[in-house]
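Subject: Structure handover, with notes on pockets and cavities

Hello,

Please find the structure below, followed by my notes on what was found in it.

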Amino acid sequence: MKVPFITKEQVEEIVKTYPTPFHIYDEKGIRENARALNKAFSWNKGYKEYFAVKATPNPTILKILHEEGCGTDCSSMAELILSERSGILGDDIMFSSNDTPAEEFIKCAELGGTINLDDITHVDFVCKALNGKMPRKMSCRFNPGGVFTLGKSGEGFQVMDTPGDSKYGMTEDQIIEAIKKLKSLGVEEIGIHSFLASNTVTNEYYPTLAGILFELAVRIQQKAGVKLSFINLSGGVGIPYTPDKEPNDIAVIGEGVHKKFDEILVPAGMGDVSIYTELGRFMLAPYGHLVTKAIHEKHIYKEYIGVDACAANLMRPAMYGAYHHITVLGKEDAPLDHVYDVTGSLCENNDKFAIDRELPKIDIGDFLVIHDAGAHGHSMGYNYNGRLWSAELLLREDDSVIQIRRPETIEDYFATLDGYWDI
Ligand SMILES: *Cc1c(COP(=O)(O)O)cnc(C)c1O
């Protein structure tokens, strides 16, 4: 059962100032979750979460997480500058990018961030870009190749991904070479990083990944003669988008990683290695709703409800066929005795927030909460069909609401146009 963090009465009040559609985030939920994460890894002295900025690139959100002890994980110039302007600098920046332009490495170095290299050729590339003055802290991204699976076959895989087909990271031989080279170039603190599966809804993913990286760290110590300072488990801990799934238990995940740490790293003399994470979805997705209003209903071969949001506000259903739970506000307890496709206005038939979804009877003017839109939601917005970006609001801990990004205007839409045209 998924319960919205706002009520119909609250939304009726909010729309007097901020019309639908809008994204709204729950400050209390964000803080409590960040605290639970930090607690789960408190056994590790150097532990730090670097929030994946791409999930929710809003300075107010970054600052809330920073107050809870999190840094930023950036991957572009704009994300680095977002971190800078949010006052999150130095050791609090992780730069896990790929196919990176030289100026972005330079910017990260200026900010004092940790550069995480995606490829062995980037060692020389960065060295040249920085005129030989390497950052104090750097890491290398590992790709083990092959297929990564978790869970029992026959019962259906819980997790399957194919690192062998993914563009990211280095092979083991390359990572050992790269680390030797970083050391010889004077990098003081060196780490490793890997991201093997996305949106995992199992407590096994991080411990399994940790086991792989911890064993690699031992081999790196033997073969490269380098003792790592940190190991970055990256993102990938997911959330249950469908109401039938059990959420991950971050305390169990933290303990699972702790066990691997004690089994593998401690006996190898690496008990002081810091654990880092770069979670995005887990930190924000459940704490964001897309709130939209039913503006049309249509009956042809199926029943349709047309809402005032569209895939430009939340792309995941159109792009991945992703399920996002929907609650009709004020009808939380009503029977689910209607079957609807809930659609947006794009001239694309995949612009549907729900297909054949059992919902209560929806009336024009009803407010719908689209759940789990807090990460990879607003940030994946776009302007197709001339649709504009919606506002982002924050529900504060005292239940007040503030706007943390205004909606885009028609003037914004025209602002980048140059050339041979006139009004
Ligand atoms: C996207 C991304 C993350 C965050 O992933 P989530 O699935 O949102 O946790 C972390 N690190 C890197 C390098 C990424 O590309």
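The largest pocket has a volume of about 1,100 Å³. Its lining is made up of 44 residues, and those closest to the centre are Lys-54, Phe-195, Ser-198, Arg-281 and His-376. Two elements give two or more residues to that lining, namely strand 3 (71–74) and helix 11 (316–320). Sorted by class, the lining of the largest pocket has 17 nonpolar, 17 polar and ten charged residues. Please keep in mind that this is a predicted model.

Ligand

What does the ligand occupy? The space it takes is the largest pocket. Around the ligand there are 14 residues, the closest being Lys-54, Glu-278, Gly-280, Arg-281 and His-376. The shell divides by class into three nonpolar, six polar and five charged residues. Lys-54, Arg-281 and His-376 are among the residues closest to the ligand, and these three are also listed among those closest to the centre of the largest pocket.

Three distances to oxygen atoms of the ligand may be useful for your setup:

- Gly-236: a backbone N or O atom lies 3.1 Å from an oxygen atom of the ligand.
- Gly-280: a backbone N or O atom lies 3.0 Å from an oxygen atom of the ligand.
- His-376: a polar side-chain atom lies 2.8 Å from an oxygen atom of the ligand.

How much of the ligand's accessible area does the protein cover? On its own the ligand has 390 Å² of accessible area, and the protein covers 90% of this.

Second largest pocket

The second largest pocket has a volume of about 560 Å³. Lining it are 31 residues, with Val-307, Asp-308, Cys-310, Gly-344 and Ser-345 nearest its centre. At least two lining residues come from strand 12 (288–299), and at least two from strand 13 (303–307). The class split for the lining of the second largest pocket is twelve nonpolar, eleven polar and eight charged residues.

Cavities

How many cavities of 30 Å³ or more does the whole structure hold? The search finds two.

The largest cavity holds about 40 Å³ of space. Its lining consists of Arg-141, Phe-142, Asn-143, Pro-163, Ser-166, Tyr-168, Ser-194, Phe-195 and Leu-196. By class these are five nonpolar, three polar and one charged. Phe-195 lines the largest cavity and is also among the residues closest to the centre of the largest pocket.

The second largest cavity holds about 30 Å³ of space. The residues that line it are His-23, Ala-312, Asn-313, His-378, Gly-381, Trp-389 and Ser-390. Two of them are nonpolar and five are polar, and there are no charged residues in this lining.

Backbone points to check

Two places in the backbone should be noted before you process the file.

Which residues does the cis peptide bond join? They are Thr-20 and Pro-21, with omega at about -5°. Pro-21 is placed in the loop between helix 1 (8–14) and strand 1 (22–26).

Asp-99 has a positive phi of about 50°, although this residue is not a glycine. Asp-99 is in the loop between strand 4 (93–96) and helix 5 (102–111).

Regards

How values were computed
Residues numbered from 1 in each chain as written. Predicted model: local features only at pLDDT ≥ 70, side-chain atom pairs only at ≥ 80, totals over all residues. Heavy atoms only, no water. Near = heavy atom within 4 Å. Polar contact = N/O pair within 3.5 Å; in protein donor to acceptor, adjacent residues only side chain to side chain. Areas by Shrake-Rupley, 256 points an atom, 1.4 Å probe, with all protein chains shown as cover. 1 Å grid on protein atoms, 1.4 Å probe; cavity = no way out; pocket = protein on both sides within 12 Å on 5 of 7 lines; lining within 4 Å. Sits in = over half its atoms within 2 Å of the grid points. Nonpolar A, V, L, I, M, F, W, Y, C, P; charged D, E, K, R; others polar. Points joined across faces, edges and corners; volume = space filled by probe spheres on them. Helix = DSSP H or I, 4+ residues; strand = E, 2+ residues; numbered from the N terminus.
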